[in-house]
Amino acid sequence: MSSIQLKRGASDKSLPPVEQQAKIDDVRKLIGPVDDKLPELCSEASILRFLKARNWSTKKASKMLNETLNWRLQYKPEAIRWEDIAQEAETGKIYRANYCDKLGRPVLVMRPGLQNTNSPTGQIKYLVYCIENAIMNMARNQEQMVWLVDFQGWTMASISVKVTKETANILQEHYPERLGIGILYNPPKIFESFWTMVKPFLEPKTHKKMKFVYSDDPKSMTVVEEIFDLNVLDVAFGGRSAAGFNYKAYAQQMKEEDVKRLNYVRSGCSSPYSYPSSSLSESQREAMDLDRDSNASNEGRLSAVEEQVQQAS
């Protein structure tokens, strides 16, 4: 039996653990000997995400995984460094928040109204960099992130349909089951026509994860209240923290994390939590445990929170 925890989630139409393991084994046979290229991508936890994204079809999951393998080998997302995307980050249009949600999921704050470049290539590269950074900072028992999208200052000129389509493609095709929930905060009326154009690019599962929240609608605001600790949430989203975004401090943090990520990649891992415990010293294991505990989600609360979010939306 697998060393990872195979289970039937409360809100996930899943399979019994034994059947899940059989599906994982089938995918491994179908993809062949590619484990040595990107071992983390071919881990059981990763294969399980691809299977869920393709409704447990081993053939479709294998095809999707192989396409992601080729994409990663060509695009090399793990090689993107702060210096490559520093200009894209200047306005704080995307950044990883310094807090997690109540379930321990890292949060990517997105402010499309602060778009500061005209290069779709650079914009997508920065998005990929942020996704990779969020994954690297996930606790060992966490696989998903939250997208918190602030529409202040947004206009139809803020982002192109092309970039939105490519964003959806990358998220859905190469980072399956990584998005836990996306909160669209105070989208203007004009966004409705834009949303109509981009909805066809979204898979039903992704579309259902997107929640519209309005600060003047108490019912929709319960989504935010159920997911976040308001004491750490930015005031821009109805929270009580005035920390905001500081480019200089964030740049320094990302440079330090780039060094950390480089060490993980050299070790054949994508995350500090990918290291086998036997290869770490006692002090390293203790440090990782403390870090993990500070961000880890309370799995027992997951189904309750998701149910409340569904009722509020």
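1. A residue counts as buried when its relative accessible area is under 20%, and as exposed when that area is over 50%, with partly exposed in between. On that cut-off His-174, at 11% relative accessibility, is buried. This note concerns a predicted model, and the burial classes named below are to be read in that light.

2. His-174 belongs to helix α6, and its side chain is joined to the side chain of Thr-68 by a polar contact of 3.0 Å. When residues up to four places away in sequence are left out, His-174 touches Glu-67, Thr-68, Trp-71 and Asn-169.

3. On the overall fold, the protein has 12 helices and five strands, and 49% of its 313 residues count as buried. Among the contacts with a separation of 6 or more, 73% are made by residues 24 or more positions apart.

4. Helix α1, which spans residues 17-31, packs against helix α2, residues 44-53, at an angle of about 95°, and their axes are 10 Å apart. That angle makes α1 roughly perpendicular to α2, because values from 65 to 115 degrees fall in that class. On the α1 side the contact is made by Gln-20, Gln-21, Lys-23, Ile-24, Val-27 and Arg-28, which meet Glu-44, Ile-47, Leu-48 and Leu-51 of α2. By class, the residues of this contact comprise five nonpolar, two polar and three charged.

5. Helix α2 deserves a separate remark, since nine of its 10 residues are buried, so that the helix is largely enclosed by the rest of the structure. The buried residues of α2 are Glu-44, Ala-45, Ser-46, Ile-47, Leu-48, Arg-49, Phe-50, Leu-51 and Ala-53, and the elements covering them include α1, α3, α6 and α8, the last of these being residues 204-209. Just after α2, Asn-55 adopts a positive phi of about 50°.

6. Arg-54 sits in the loop between α2 and α3, where α3 is residues 58-75, and with 18% relative accessibility Arg-54 counts as buried, given that the cut-off for burial is under 20%. The side chain of Arg-54 makes a polar contact of 3.2 Å with the side chain of Glu-173. Apart from neighbours within four places in sequence, the residues in contact with Arg-54 are Lys-60, Ala-61, Met-64, Glu-173 and Glu-203. Arg-54 and Pro-176 are separated by 122 residues in sequence, yet their C-alpha atoms are 9.1 Å apart.

7. A further charged residue to inspect is Glu-132, placed in helix α5, residues 120-136; with a relative accessibility of 9%, Glu-132 counts as buried. Its contacts, not counting residues up to four places away in sequence, are with Arg-72, Pro-77, Glu-78, Tyr-175 and Arg-261.

8. The aromatic side chains form 19 pairs in the structure. One of them, Tyr-95 with Phe-245, is tilted, with 4.8 Å from centre to centre and 35° between the planes. This pair links distant parts of the chain, because Tyr-95 lies in strand β1, residues 94-100, and Phe-245 in the loop between α9 (218-227) and α10 (247-266), 150 residues apart. The two partners differ in burial class: Tyr-95 is buried at 6% relative accessibility, whereas Phe-245, at 24%, counts as partly exposed.

9. A second pair is formed by Trp-154 and Phe-191, whose ring centres are 5.4 Å apart and whose planes stand at 80°, so the pair is edge-to-face. This pair, too, links distant parts of the chain, with Trp-154 in the loop between β3 (145-150) and α6 (161-174) and Phe-191 in helix α7, residues 191-198, at a separation of 37 residues. Trp-154 counts as buried at 6% relative accessibility, and Phe-191 is buried with a relative accessible area of 5%.

10. Finally, one aromatic cluster is formed by Trp-82, Tyr-95, Tyr-126, Tyr-129, Phe-245, Tyr-247 and Tyr-250. The cluster thus takes in both Tyr-95 and Phe-245, the partners of the tilted pair described above.

Terms used:
Residues are numbered from 1 along each chain as its sequence is written. This is a predicted model: local features need pLDDT of at least 70, side-chain atom pairs count only at pLDDT 80 or more; totals for chains, interfaces and linings use all residues. Side-chain values use heavy atoms; hydrogens and water are left out. Axes are lines fitted to C-alpha atoms, for helices over the stretch in contact, and angles run from 0 to 180 degrees between N-to-C directions. Helices (H or I, at least four residues) and strands (E, at least two) are DSSP runs, numbered from the N terminus. Angles under 35 degrees count as roughly parallel, over 145 as roughly antiparallel, 65 to 115 as roughly perpendicular and the rest as oblique. Contact means heavy atoms within 4.5 Å. Ala, Val, Leu, Ile, Met, Phe, Trp, Tyr, Cys and Pro count as nonpolar, Asp, Glu, Lys and Arg as charged, and the others, Gly among them, as polar. Buried means under 20% relative accessible area, exposed over 50%, partly exposed in between (1.4 Å probe, protein chains only). A polar contact is a pair of N or O atoms within 3.5 Å; within protein, one must be able to donate a hydrogen and the other to accept it, and residues adjacent in sequence count only if both atoms are side-chain atoms. Rings of Phe, Tyr and Trp (its six-membered ring) pair if their centres lie within 6.5 Å; planes under 30 degrees apart count as stacked, over 60 as edge-to-face and the rest as tilted.
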